[in-house]
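Me: I would like to learn how to read a model of this kind step by step, starting with how far it can be trusted. Could you take me through it?

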Amino acid sequence: MSMFLRSDKSFDTGGSGSTARESSPPATDTKRPPSTTTSSDIAGSQPRAVSVISKSLKITGQLESTEDIQVDGEVDGDVRGASVKIGSNARVKGTVYGETVELSGTIDGKIEAKKVVLTSTAHMSGDVIHQDIRIESGAFIDGYCRPEFGKVTNKTVHPAPKPVGATPATPVREKTGTTGDFGSRP
Amino acid sequence: MPALPHVAILTPPRGGEVSDVPSHLGKALTIKGRLDTTGAIHIYGNVHGRITADRLVLGAGGYVEGDVVANDVRIGGRFAGRIFARNVTLDGSADVTGRIFHHTATVAKGARIDGRMPWRPLNYFERLEHLREAQS
């Protein structure tokens, strides 16, 4: 008799007239349990992003999502999302992974994303691994930009172009002492 | 035991923070770690860790594991851990395991509570020392 009361109580958005919609057959989507109808209603009221870390929120730890994330606050840790936007007053200390990463704030760490956008207020300290990058005038970058997103991550940090010719085999020959004439001593 | 910055969160709500939008953690989002805010958080995803906020709403479908310190807490999803809040509201879809330290509580029909709901006077929530004691 009252079985439906348990899962269908909408709250927080005062759901005027939404109860009729919620009591409709719920199993339309494959993944969603029926009780998440209320959450999608609320998500619809905030079209900016699926998840919003507002500016007063500080997170110490890791964020992971299969959907979009908008960060306006402070994150001390890694962020993973489909499309990640770091707002102009936001700070992230850690790696930001995503299909798309749009930076308007500050990252102290790394970006790994297919598509990277650094807007004019961006402040990026660290490497950017990308496939496609756009940097607006005014953006600050201190780090490497490497188009290696999606490639095998062989850990060749800092490809350090050491001049190979500068270390010839002559010192070895000098030690052996045989045929010292090959050496290029001055 | 120095006073932590989030002591202020349990003092009466600050008017200056009203303009800030509530943080919204969507259902696909998983956070492991600690969340601190002077504003509101709406959680529809998963959070493992400690949460400090002025107001916390755990929506149906959301799951939180850990301790929550807030002025107002509204639970519509699953929760495991401890709640320290002046005002606690459990909706009919709530499923709570643990303790709910509260001053006022509202529990809707259908809510499931496995644990205790200790009442505390208001001054208990003004000092975090009690809470920190409870944390350890």
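Reply: Among the elements of chain A, helix α2 (residues 37-44) of chain A has the lowest mean pLDDT, 41, and strand β4 (residues 74-76) of chain A has the highest, 97; pLDDT is the predictor's confidence in each residue, from 0 to 100, and helices (H or I, at least four residues) and strands (E, at least two) are DSSP runs, numbered from the N terminus. This is a predicted model, in which local features need pLDDT of at least 70 and side-chain atom pairs count only at pLDDT 80 or more, while totals for chains, interfaces and linings use all residues. Residues are numbered from 1 along each chain as its sequence is written, and chains are lettered from A and ligands numbered from 1 in the order in which they are written.

Me: Over which residues of chain A is the pLDDT below 50?

Reply: Where pLDDT is low, the predicted coordinates should not be read in detail. In chain A the pLDDT is below 50 over residues 2-48, a stretch that has 57 contacts in the model beyond near neighbours in sequence, where a contact means that the C-beta atoms of two residues, placed from the backbone, lie within 7 Å. Residues 166-186 of chain A also stay under 50, and for them the model has seven contacts beyond four places in sequence. Chain A as a whole averages a pLDDT of 73, with 55% of the residues scoring at least 70.

Me: How many helices and strands are there in chain A, and how do the strands β6(A) to β9(A) pair?

Reply: Two strands pair if DSSP finds at least two bridges between them. Chain A has three helices and eleven strands, and from the N terminus on its elements run α-α-β-β-β-β-β-β-β-β-β-β-β-α. Strand β6 (residues 91-103) of chain A pairs in the parallel sense with strand β7 (residues 106-118) of chain A over twelve bridges, and A:Val101 has A:Val116 in β7(A) as its bridge partner. β7(A) also pairs in the parallel sense with strand β8 (residues 123-129) of chain A over seven bridges, and with strand β9 (residues 132-135) of chain A through four parallel bridges, where A:Val116 stands opposite A:Ile133.

Me: Which residues touch the most other members of the largest nonpolar core?

Reply: A nonpolar core is a set of buried Ala, Val, Leu, Ile, Met, Phe, Trp, Tyr and Cys residues joined through C-beta atoms within 7 Å; a residue is buried if 20 or more other C-beta atoms lie within 10 Å of its own, exposed if 12 or fewer, and partly exposed in between, with C-beta atoms placed from the backbone. The largest core here has 58 residues, of which A:Val71, A:Ile111, B:Ile41, B:Leu56 and B:Val68 touch the most other members.
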